[in-house]
Amino acid sequence: MLRLGLRLEDMAACGAEMHINPEMEVLWSEVNPSHSNMSAPPHPQPPAKGASHGTGDFSYVGIDAILEQMRRKAMKQGFELNIMIVGQSGLGKSTLMNTLFKSKVSRKSVVSNPEERIPKTIEIKSISHDIEEKGVRMKLTVIDTPGFGDHINNENCWQPIMKFINDQYEQYLQEEINIDRKKRIPDSRVHCCMYFIPPTGHCLRPLDVEFMSRLSKVVNIVPVIAKADTLTLEERDFFKQTIREGLRANGIDVYPQKEFDEDADDRMINDKIREMIPFAVVGSDQEYQVNGKRLLGRKTKWGTIEVENIAHCEFAYLRDLLIRTHMQNIKDITSSIHYEVYRVRRLNETNAQPNGQPPNTLVNPQQANGAAAQHQVLTHEM
């Protein structure tokens with residue numbers, strides 16, 4: 001059982017000492033209003049049996065107690081999160097994952113092989129951990145893709161990754177349509193794919209465009225600029241702008257997708273996030289003493305790059321997106337959109353409905369949402 005090394009209060013204490021650009025601080029407070037006060041308010045306790053809600057308030061029924069019931073049930077069940085990391089070797093994928101969860105969760109951290117070589121083909125390797133923080137348990141699965149983009153000929157190197165993602169959907173579907181299915185189906189579906197872009201400072205490579213164009217249709221993709229400390233601030237801003245233009249020009253929809261914003265508040269928050277994508281990040285699992293505080297960072301001859309300082313890199317924004325603010329939304333989109341697209345296609349194939357679609361044609365999210373109402377009928381027919 002792994003336990004996260006830092007509590008939220010510790011992170012807040014570290015954040016209080018950071019030198020933050022006032023403009024970034026305003027933007028950050030808009031994206032995550034809770035950042036200024038990291039201490040979560042205590043959970044409301046339902047009133048004692050027989051007690052009225054306030055003096056003389058006999059109209060209180062206790063419907064709000066459902067929130068506490070849901071919290072207790074969720075705490076007992078725990079949570080699952082499956083993250084895939086894709087990128088060339090040497091971009092710091094394993095280090096960033098260890099930094100995100102303050103634990104040794106990457107493949108290389110657990111299975112160290114000094115003679116490890118670049119595989120001849122794309123390999124998919126996953127490792128799971130049970131992480132606990134303040135009584136909240138989560139099963140984290142990190143899926144690594146060694147060999148991606150490391151060869152002279154990278155033609156169709158995205159196919160093994162696409163196959164793996166679809167295999168997880170198929171496995172979940174088969175469990176779902178069983179007559180005697182499990183009370184709680186194990187969720188091995190890939191919830192998020194972090195795609196690491198080399199810090200070239202120029203533009204997206206054809207390999208980047210090809211991968212994200214194809215995979216964005218089946219999984220939530222979050223692009224990041226790896227080892228952003230190799231770029232100057234001007235180079236970083238220009239590179240981020242160029243990547244955003246490349247994504248728009250090629251019709252690549254990365255997370256958070258505009259069409260899935262639920263209301264005006266979500267749209268406002270997600271627009272701020274979309275303006276920062278791709279996140280320019282620096283990862284490090286080494287601690288250094290800075291102004292009397294021990295912080296994660298990278299030490300250089302001219303100073304220490306603080307990983308969680310938003311004036312140095314955008315790691316804090318990425319961490320909050322994946323864990324603190326949008327984790328459940330990422331899982332919901334995986335289940336209700338990406339998996340639904342796959343499920344509808346497979347059920348149509350199985351039931352041999354004359355819809356004119358070839359077997360491997362993906363339906364769009366709007367069709368998936370419209371077909372959700374047919375799910376019960378199709379399932380019973382099977």
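What follows is a walk through a predicted model, from its overall make-up to a few spots worth a closer look.

Let's start with the whole chain. The model has 13 helices and 10 strands, and of its 382 residues 43% are buried. If you take the contacts with a separation of 6 or more, 71% of them are between residues 24 or more positions apart.

Before going into detail, a word on confidence. The mean pLDDT of the chain is 81, with 74% of the residues reaching 70 or more. Two stretches deserve some care. Over residues 33-41 the pLDDT stays under 50, and there the model has 5 contacts beyond four places in sequence. Residues 355-363 also have a pLDDT below 50, and that stretch has 13 contacts in the model beyond near neighbours in sequence. Where pLDDT is low, the predicted coordinates should not be read in detail. In other words, take the contacts listed for 33-41 and for 355-363 with a pinch of salt.

Now to helix α7, which covers residues 206-215. Of its 10 residues, 7 are buried, so the helix is largely enclosed by the rest of the structure. The buried ones are L207, D208, V209, F211, M212, S213 and L215. What do they pack against? Their partners are β2, α6, β5 (192-197), β6 (221-225) and α8 (233-249), a mix of strands and helices.

One of those buried α7 residues, F211, leads us to the aromatic rings. The model has 6 aromatic pairs. Take F148 and Y195: their rings meet edge-to-face, 6.1 Å centre to centre and with 85° between the planes. F148 lies in the loop between β4 (136-144) and α6, while Y195 belongs to strand β5, so the pair ties together parts that are 47 residues apart in sequence. Both ends are well out of reach of the probe by the numbers: F148 has a relative accessibility of 1% and counts as buried, and Y195 is buried too, at 0%.

F148 has a second ring partner, and here F211 comes back in. The centres of the F148 and F211 rings are 5.1 Å apart with the planes at 70°, so this pair is edge-to-face as well. Again the pair links distant parts of the chain, with F148 in the loop between β4 and α6 and F211 in helix α7, 63 residues away. Both F148 and F211 are buried. Put together, the F148 ring pairs with Y195 and with F211.

Another aromatic group is worth finding on your screen. Y169, Y172, Y339 and Y342 form one cluster. R189 joins in from the side of the charges: this arginine lies over the face of Y172, at 3.8 Å from the ring centre, and also over the face of Y339, at 4.8 Å from the ring centre.

Y342 also brings us to N166, a residue of helix α6 (residues 159-176). Is N166 buried or exposed? With a relative accessible area of 18%, N166 is buried, because the cut-off is under 20%. Leaving aside residues up to four places away in sequence, N166 touches V218 and Y342. So you can go from the tyrosine cluster, which includes Y342, straight to α6, where N166 lies.

For a contrast, look at G92, in the loop between β2 (79-86) and α4 (93-101). G92 is partly exposed, with a relative accessible area of 25%. Not counting residues up to four places away in sequence, G92 touches F196 and K227. G92 and V281 are 189 residues apart in sequence, yet their C-alpha atoms are 10.0 Å apart in space.

Last stop: a little sheet work. Strands of a sheet pair through backbone hydrogen bonds, either parallel or antiparallel. Here we have an open sheet of 3 strands in the order β8-β9-β10, and the pairing is antiparallel. β8 (287-290) and β10 (303-306) are the edge strands, each pairing on one side only. From one strand to the next, the twist averages 70°. Strand β9 (residues 293-300) is joined to β10 by 4 bridges. To pick out one bridge by eye, find R298, whose partner in β10 is I305.

Note on methods:
Residues numbered from 1 in each chain as written. Predicted model: local features only at pLDDT ≥ 70, side-chain atom pairs only at ≥ 80, totals over all residues. Heavy atoms only, no water. pLDDT = per-residue confidence, 0-100. Contact = heavy atoms within 4.5 Å. Pairing = 2+ DSSP bridges. Helix = DSSP H or I, 4+ residues; strand = E, 2+ residues; numbered from the N terminus. Axes fitted to C-alpha atoms, helices over the stretch in contact; angles between N-to-C directions. Buried < 20%, exposed > 50% of the residue type's maximum accessible area, 1.4 Å probe, protein only. Phe/Tyr/Trp six-rings, centres within 6.5 Å; stacked < 30°, edge-to-face > 60°. Lys NZ or Arg CZ within 6 Å of the ring centre and 35° of its normal.
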